[in-house]
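Student: I have a model open on my screen and would like to talk it through. Shall we start?

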Amino acid sequence: MRTILSGICLLITAITFAQKECASFTYTDQQKSIDPSFAEKLNNIEYFVKAQKLSARILGEDAPVIIKIPVVVHVLYKTAGQNISDDQIMTQIEALNKDFRRRNSDTVNTPERFKSVAADIQVEFALATADPKGRATNGIIRKAASISRWTIDDKIKFSSQGGDDAWDSRYYLNVWIGDLGTLLGYSSVPGAPAEKDGVVINYTTFGTINV
């Protein structure tokens with residue numbers, strides 16, 4: 001799951017204003033400075049992924065079945081406007097599925113030089129229907145927060161720091177929504193600590209309505 005997080009951040013923020021920025025690369029550099037072994041972890045995972053792809057080609061394995069990823073959206077809000085609606089959240093899930101399954105209507109405009117690599121990558125997203133304890137959920141957590149603006153310090157990911165704790169990232173894609181000021185968002189990368197694994201997005205850029 002972690003290998004697609006940066007792509008999700010970029011796809012979610014692609015429809016938004018040019019004067020804002022995705023902070024994923026800055027965040028990754030920050031994590032490298034905090035943990036000297038982080039860069040090595042990234043390299044090891046990249047090597048593993050390449051080896052798996054090569055092995056699949058050599059063995060002539062069939063294309064994988066569609067991977068369906070349960071999503072939990074943590075909405076951290078201080079004002080009513082930051083508490084985005086269920087409908088707005090659903091439009092983002094729908095947009096992601098169109099992007100990852102290559103079902104956007106403008107795929108016919110794919111430049112010729114990219115047509116050989118443009119593909120349905122067989123990944124779909126859906127809001128979680130069960131929480132880590134097996135209880136029914138709509139996959140959306142709403143929490144009033146005392147923090148006015150979040151940064152790339154990951155406080156939004158921890159209840160003890162005013163945010164909301166991640167659900168087990170082995171089974172869920174965690175998405176945190178909050179006020180990031182001029183930042184569009186940022187994502188973790190392979191090798192990041194499990195409790196930080198996920199995507200953080202500005203409430204002003206999440207979804208395809210009211211943005």
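Student: Leaving aside its neighbours within four places in sequence, which residues is Ile177 in contact with?

Tutor: Happy to help, and keep in mind that this is a predicted model. Contact here means heavy atoms within 4.5 Å. Leaving aside neighbours within four places in sequence, the residues that touch Ile177 are Val73, His74, Val75, Leu76, Ile84, Ile156, Ile201, Asn202, Tyr203 and Phe206.

Student: Which residues touch the most other members of the largest nonpolar core?

Tutor: That core has 19 residues. At least two of them come from each of strand S2 (67-77), helix H4 (86-100), strand S3 (123-127), strand S5 (173-178) and strand S7 (199-202). Another core, of ten residues, lies apart from it, with Ala145, Ile152, Ile156 and Tyr186 among them. In the largest core, the residues touching the most other members are Val73, Ile89, Phe125, Val175 and Ile177.

Student: Is Tyr172 buried or exposed?

Tutor: Tyr172 sits in the loop between strand S4 (140-144) and S5. Buried means under 20% relative accessible area. Tyr172 has 9% relative accessibility, so the residue counts as buried.

Student: Which backbone oxygen does the side chain of Tyr172 reach?

Tutor: A polar contact requires N or O atoms within 3.5 Å. The side chain of Tyr172 makes its approach at 3.1 Å, and the backbone oxygen belongs to Asp131.

Student: How many helices and strands are in the chain?

Tutor: Try reading the pattern along the sequence: α-β-α-α-β-α-β-β-β-β-β. Tallying each kind gives four helices and seven strands.

Conventions: Residues are numbered from 1 along each chain as its sequence is written. This is a predicted model: local features need pLDDT of at least 70, side-chain atom pairs count only at pLDDT 80 or more; totals for chains, interfaces and linings use all residues. Side-chain values use heavy atoms; hydrogens and water are left out. Helices (H or I, at least four residues) and strands (E, at least two) are DSSP runs, numbered from the N terminus. A nonpolar core is a set of buried Ala, Val, Leu, Ile, Met, Phe, Trp, Tyr and Cys residues joined through side-chain atoms within 4.5 Å. Buried means under 20% relative accessible area, exposed over 50%, partly exposed in between (1.4 Å probe, protein chains only). A polar contact is a pair of N or O atoms within 3.5 Å; within protein, one must be able to donate a hydrogen and the other to accept it, and residues adjacent in sequence count only if both atoms are side-chain atoms.
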